[in-house]
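Work through the exercises below with the sequence and the model in view. Each task is followed by a solution in steps.

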Amino acid sequence: MTEENDIYREEIMEHYRNPQNFGMMKNPTYEAEANNPLCGDKIRLQLKVNKKGIVEKVRFSGSGCAISIASSSQFTEWMVGKTIRKLKSTGPEQIQKLMRARISPARLPCMLLSLYALQKMFGGAVVESTH
């Protein structure tokens with residue numbers, strides 16, 4: 001189990017050092033920001049959606065710890081090709097599945113920051129993690 005955890009930790013660090021979909025886009029279809037006042041992490045999430053309601057492009061920007069940046073990187077990769085309907089029904093379990101690492105309860109808000117931005121984007125309530 002330790003070797004497996006080490007692999008996941010390395011994957012998190014790789015996404016932190018080289019985040020996918022990082023940066024700003026011009027003329028996003030949707031945009032929202034979320035922050036974690038406890039630690040200062042801040043994420044802006046932007047989506048470009050086609051007429052069929054399918055996400056064609058995702059970008060995020062901001063600053064934060066390795067967990068918030070890595071989870072945003074992985075979550076934005078997952079979002080491409082999904083429908084708005086699918087994104088609206090996405091909960092914390094999806095990000096936890098993508099991260100594949102045990103995250104302490106104190107760090108869950110960091111991990112879920114991009115989900116909070118997504119939920120704000122569509123006027124949904126912030127869904128707390130079940131773990």
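**Exercise 1.** Leaving aside neighbours within four places in sequence, find which residues S72 is in contact with, taking contact as heavy atoms within 4.5 Å.

Solution. Step 1: with neighbours within four places in sequence left aside, S72 is in contact with I43, F60 and S114. Step 2: S72 itself lies in helix 2, where helices (H or I, at least four residues) and strands (E, at least two) are DSSP runs numbered from the N terminus. Step 3: the relative accessibility of S72 is 0%, so this residue counts as buried; buried means under 20% relative accessible area, exposed over 50%, and partly exposed in between, with a 1.4 Å probe and protein chains only. Step 4: the side chain of S72 reaches the backbone oxygen of S68 at 2.8 Å.

The model is predicted: local features need pLDDT of at least 70 and side-chain atom pairs pLDDT 80 or more, while totals for chains, interfaces and linings use all residues. Residues are numbered from 1 along each chain as its sequence is written, and side-chain values use heavy atoms, with hydrogens and water left out.

**Exercise 2.** Describe the open sheet: its order, its pairing and its edges.

Solution. Step 1: three strands make up the open sheet, in the order 1-2-3 and with antiparallel pairing; two strands pair if DSSP finds at least two bridges between them. Step 2: strand 1 (30-36) and strand 3 (55-63) are at the edges and have a single partner strand each, so one side of each is left without a neighbour in the sheet. Step 3: on average, neighbouring strands are turned by 15 degrees against each other, direction ignored. Axes here are lines fitted to C-alpha atoms, for helices over the stretch in contact, and angles run from 0 to 180 degrees between N-to-C directions. Step 4: strand 2 (residues 41-49) is joined to strand 3 by eight bridges, with K48 opposite K57 in strand 3. Step 5: seven bridges join strand 1 to strand 2, and A34 has I43 in strand 2 as its bridge partner. Step 6: strand 1 and strand 2 form a hairpin with four residues between them, and G40 in the turn has a positive phi of about 90 degrees.

**Exercise 3.** State which strands helix 2 and helix 6 touch, and at what angles they pack on the sheet.

Solution. Step 1: helix 2 (residues 66-79) touches strand 2 and strand 3, and its direction makes about 170 degrees with that of strand 3. Step 2: helix 6 (residues 113-121) touches strand 1 and strand 2, its direction making about 135 degrees with that of strand 1. Step 3: of the 14 residues of helix 2, 13 are buried. Step 4: G81, just after helix 2, takes a positive phi of about 90 degrees.

**Exercise 4.** Classify the aromatic pairs F22 with F60 and F75 with W78. Rings of Phe, Tyr and Trp (its six-membered ring) pair if their centres lie within 6.5 Å; planes under 30 degrees apart count as stacked, over 60 as edge-to-face and the rest as tilted.

Solution. Step 1: the count comes to three aromatic pairs. Step 2: F22 and F60 are edge-to-face, at 5.2 Å centre to centre with 85 degrees between the planes. Step 3: F22 is in the loop between helix 1 (2-17) and strand 1, whereas F60 is in strand 3, 38 residues apart. Step 4: F22 is partly exposed at 41% relative accessible area, while F60 is buried at 0%. Step 5: F75 and W78 are stacked, at 5.7 Å centre to centre with 10 degrees between the planes. Step 6: both lie in helix 2, three residues apart, and both are buried.

Methods: Polar contact = N/O pair within 3.5 Å; in protein donor to acceptor, adjacent residues only side chain to side chain.
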